[in-house]
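Trainee: I should like to learn how backbone geometry, helix packing and nonpolar cores are read from a model. May we begin with the backbone?

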Amino acid sequence: MRPADNHAMAAMRGAADNVSVSYTRGIGYSFVNTANSVTIPFTPGIPYSFVNTGGDNITLGMVILPELGVAPEAYAVYARQIALYGYYAVIVENATVEHVVCAMMQLLHVEYWTLLGHGNNGGVVAARLAVTLQPKVKGLILLAAALPGDLDTQALNLLLIVIYGGKDTLVTPEMITKSFSRMAGDTSTLLFPNLGHFDFVHSKCKGNDLHPSCNRQGGLTSNDAVCIAQYLLYSLYYSQWEVASAKALSYGDNEKLTPGHNDSKSYPGDIHVKFTEFPIPGTSPQRVWWIFTPSQIRGGLIYYPGAAVDGRAYFPLAFEIAARGHMVVIVQLPLRNAGINFADANVVLNSNISAFSVVPEDRWAIGGHSLGGLGASLYAGAYGNQVYAAVFHAGGWLINLTQSELPVLQMYGTLDDIFSGGYERYRYLYVDPPPKGFGPLVNLNTTEFIPIVGANHYQNSFQQQCSCSWPCASMD
């Protein structure tokens, strides 16, 4: 058994971070700081459960399945981080179906689970269980593990993250990338070029050798660990990961977009719309553009979905915009995260695909909803000369646009309570705008704020995105 290293054992005992640790016979170890409390009870067969003492308030959790020969304590750093952020985490002693199900049964009030599996042992069991236990299991993280050859997740609404090492000789990068063809387009893949199979855990031996006496230098750096932890936390925070509604999906049916049928969509004028799903060149797992092309084209809009939102949930919105003369290209994004992938619009603008050539070069706009709006704002700040306007639907921005002449439209619901202060706060956000000092973050001469009375945060998409106030306005 590959033993845990000092970092992992420190996470088991508590560290010098204002965390006090106590032991109670029959319960285990309690981790407490001024903001959070974490307990680690011991259960035979399920040795370490990290629990924030929020108790019944915890509705999201992660089960960690170790690789064969790796001590469960070696994953304690990840589990502790998860617990400190208010989620439930359990490291099973053995990566078996029985241990995982028993672990999940410990907290029946946990609404959704994410499974993290390491290697050929933990990864394979985690993948099979994630497919079997949907929708109770919303997320799957494969750590140095390939998707089993008889599984295909393309049609599943499953948050999937694949983390692997470039120097792994046990589950090689080639083995992992070969399985990408059986994964959905919004799968996120993360390659660490310098890591081997066992470098992803905090054990006393690194690389690809199970022998505990080796002492190879290198392995997981603090920056690597922070990056991985961020992905783990994202998988929990956005684990709702819902699918677009049937009504939204109906807008991708060209027969229903054709006038003259009983169930044809209603058009606001004489412009008709055609839908196309087009594979994005050079992407693996294969991502797509969802394109709504009007019969008369005045311009184009590249649109980023909100965090964890199925991009197809915006089909009705895209149809309405296209029916007024603007091609709409909804971008399917890895991890459904436009903040990380904000430059993806350049692939559309620099493409020689004939479908996009009908849009005048100087008539492309960028837009998005929620985190998609934030991604669109980052694009507007970095590539503002590529587009003629930006449209944010309940989306903030992290970029300073005070000196930009780009026209910006911010639309938001008056019942949007996702962020305190309302969207008017973006007029005067205190983030070092030029010249130095406090002031507006946008150019007030080129930015327009439009409140939608009675709407909440998620009403730009036909999908329940998050906890939010009940709307007074209809989705239409």
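Mentor: Consider Ala-308, which lies in the loop between strand S13 (299–304) and helix H9 (315–322). Please bear in mind that this is a predicted model.

Trainee: What is the sign of phi at Ala-308?

Mentor: Most residues other than glycine have a negative phi. Ala-308, although not a glycine, has a positive phi of about 65°. Its relative accessibility is 6%, so Ala-308 counts as buried, the cut-off being under 20%. Ser-370, in the loop between strand S15 (364–369) and helix H12 (371–383), likewise has a positive phi, of about 55°. Ser-370 is buried, with a relative accessible area of 12%.

Trainee: Which peptide bond, ending at Pro-135, is cis?

Mentor: Most peptide bonds are trans. The bond from Gln-134 to Pro-135 is cis, with omega near 0°. Pro-135 sits in the loop between helix H4 (119–132) and strand S8 (137–143).

Trainee: How do the axes of helix H2 and H6 cross?

Mentor: Two packed helices are described by the angle between their axes and the distance between the axes. Here the axes of H2 (residues 76–84) and H6 come within 10 Å and cross at roughly 45°; the two helices are therefore oblique to each other. Their crossing is right-handed. By class, this contact has seven nonpolar, one polar and no charged residues.

Trainee: How many residues has the largest nonpolar core?

Mentor: In soluble globular proteins, nonpolar side chains tend to be buried together. The largest nonpolar core has 43 residues, and helix H6 (residues 222–237) gives the largest share, seven residues. A second, separate core has 33 residues, among them Leu-65 and Val-171.

Methods
Residues are numbered from 1 along each chain as its sequence is written. This is a predicted model: local features need pLDDT of at least 70, side-chain atom pairs count only at pLDDT 80 or more; totals for chains, interfaces and linings use all residues. Side-chain values use heavy atoms; hydrogens and water are left out. A nonpolar core is a set of buried Ala, Val, Leu, Ile, Met, Phe, Trp, Tyr and Cys residues joined through side-chain atoms within 4.5 Å. Buried means under 20% relative accessible area, exposed over 50%, partly exposed in between (1.4 Å probe, protein chains only). Helices (H or I, at least four residues) and strands (E, at least two) are DSSP runs, numbered from the N terminus. Axes are lines fitted to C-alpha atoms, for helices over the stretch in contact, and angles run from 0 to 180 degrees between N-to-C directions. Angles under 35 degrees count as roughly parallel, over 145 as roughly antiparallel, 65 to 115 as roughly perpendicular and the rest as oblique. A crossing is left-handed if the near helix is turned anticlockwise from the far one by less than a right angle, and right-handed if clockwise. Ala, Val, Leu, Ile, Met, Phe, Trp, Tyr, Cys and Pro count as nonpolar, Asp, Glu, Lys and Arg as charged, and the others, Gly among them, as polar.
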